[in-house]
Amino acid sequence: MIRKFEEKDTERVMQIWLEVNIETHNFVLSDYWLSQYQSVQEQLLQADIYVYEQDKKIQGFVGMMDDYLAGIFVDKKCRSVGIGKGLLECVKENYPAFTLNVYQKNQRAVDFYLREGLSVVLKGFDEDTAETDYTMAWNA
């Protein structure tokens with residue numbers, strides 16, 4: 001079930017955020033993600049977060065800041081069963097248009113977003129990580 005984030009979800013959401021970033025962005029030093037932890041945790045309260053929960057355990061979440069998709073994060077043990085797609089569909093239902101950034105080296109995520117109807121609108125460079133990325137967009 002997908003539902004709105006509640007403050008009690010913070011610890012589990014942050015655990016997923018950190019684990020997924022370290023695993024899927026192994027081309028970025030894990031110290032970078034650790035250094036961002038506190039800032040991201042504070043930003044949760046300003047974002048629209050939707051969590052995917054099954055058997056009272058959060059298995060993934062998506063975060064939106066206005067019309068910017070900050071990320072879809074799914075626990076490694078729960079991938080490839082439609083959770084990410086469901087979270088993206090939730091965003092599409094609630095936001096008529098949005099953009100996101102994804103690292104070029106995160107090919108699995110790039111392929112996912114392309115398959116789900118997003119398009120690359122800009123190739124960029126993330127100065128914080130010294131990695132190339134894509135800005136992708138979706139319009140209803």
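Hi everyone. Let's start with one residue, Gln15, which has its place in helix H1, residues 10-24. Gln15 is partly exposed, with a relative accessible area of 36%. Follow the chain 60 residues along to Asp75, and the C-alpha atoms of Gln15 and Asp75 turn out to be separated by 9.2 Å. Please keep in mind throughout that this is a predicted model.

So what does H1 lie across? Helix H1 lies across strands S2, S3 and S4, and runs at about 80° to S3.

That brings us to the sheet. Here 7 strands form an open sheet, and the order is S1-S2-S3-S4-S5-S7-S6, with mixed pairing. The edges are strand S1 (2-4) and strand S6 (119-126), each of which pairs on one side only. From one strand to the next, the twist averages 30°.

Let's walk across part of that sheet together. S3 and S4 run antiparallel and are joined by 6 bridges. If you want to find this pairing on the screen, look for Val62, which stands opposite Ile72 in S4, or for Gly63, whose bridge partner in S4 is Gly71. The hairpin of S3 and S4 has 2 residues between the strands, and in this hairpin Asp66 takes a positive phi near 55°.

Next door, the direction changes. S4 and S5 run parallel, with 2 bridges joining them. Tyr68 has Thr99 as its bridge partner in S5. Then S5 and S7 are antiparallel, joined by 7 bridges, and Phe98 has Trp138 as its bridge partner in S7. Finally, S6 and S7 also pair in the antiparallel sense, over 7 bridges. There you can spot Gly124 opposite Asp133 in S7. The hairpin of S6 and S7 has 4 residues between the strands, and Ala130 takes a positive phi near 60° in it.

How enclosed are these strands? In S4, 5 of the 7 residues are buried, so this strand is largely enclosed by the rest of the structure. S7 is mostly covered too, with 7 of its 9 residues buried.

Now for the interior. Which residues have the most contacts inside the largest nonpolar core? They are Leu69, Ile72, Phe98 and Tyr113, in a core of 25 residues. At least two residues of this core come from each of strands S2 (48-54), S3 (57-65), S4 (68-74), S5 (97-103) and S7 (131-139), and from each of helices H3 (83-94) and H4 (107-115). The largest share, 5 residues, comes from H3.

Tyr113 is a good place to zoom in. Leaving aside neighbours within four places in sequence, Tyr113 is in contact with Leu69, Ile72, Leu88, Leu100, Val102, Leu118 and Met136. Apart from this core lies another one, of 19 residues, among them Val13, Val40, Val51 and Phe73.

Let me come back to H3 for a moment. This helix has 12 residues and reaches 17 Å from its first C-alpha to its last, close to the 16 Å expected at 1.5 Å a residue. Its buried residues are Ile83, Gly84, Leu87, Leu88, Cys90, Val91 and Lys92. It helps to remember that an α-helix has 3.6 residues a turn, so residues three or four places apart point the same way.

You may have noticed a cysteine in that list. How many disulfides does a search of the whole structure find? It finds 0. A disulfide is a covalent bond between the sulfur atoms of two cysteines. And why is there no bond for Cys78? Because the closest cysteine sulfur, in Cys90, is 18 Å from the sulfur of Cys78, too far for a bond. Looking from the other end, Cys90 has its closest cysteine sulfur in Cys78, again at 18 Å and too far. As for their surroundings, Cys78 counts as buried at 15% relative accessibility, and Cys90 is buried, with a relative accessible area of 11%.

One last residue, and it ties several of our topics together. Gln59 is found in strand S3. Is Gln59 buried or exposed? It is buried, with a relative accessible area of 14%. Not counting residues up to four places away in sequence, Gln59 touches Ile16, Tyr52, Gln54, Phe73, Val74, Asp75, Cys78 and Ile83. We have met some of those already: Asp75 was the residue set against Gln15 at the start, and Ile83 is one of the buried residues of H3.

Thanks for listening, and I'm happy to take questions.

Note on methods:
Residues numbered from 1 in each chain as written. Predicted model: local features only at pLDDT ≥ 70, side-chain atom pairs only at ≥ 80, totals over all residues. Heavy atoms only, no water. Buried < 20%, exposed > 50% of the residue type's maximum accessible area, 1.4 Å probe, protein only. Core = buried A, V, L, I, M, F, W, Y, C linked by side-chain atoms within 4.5 Å. Contact = heavy atoms within 4.5 Å. Pairing = 2+ DSSP bridges. Axes fitted to C-alpha atoms, helices over the stretch in contact; angles between N-to-C directions. Disulfide = S-S within 2.5 Å. Expected span 1.5 Å × (residues − 1).
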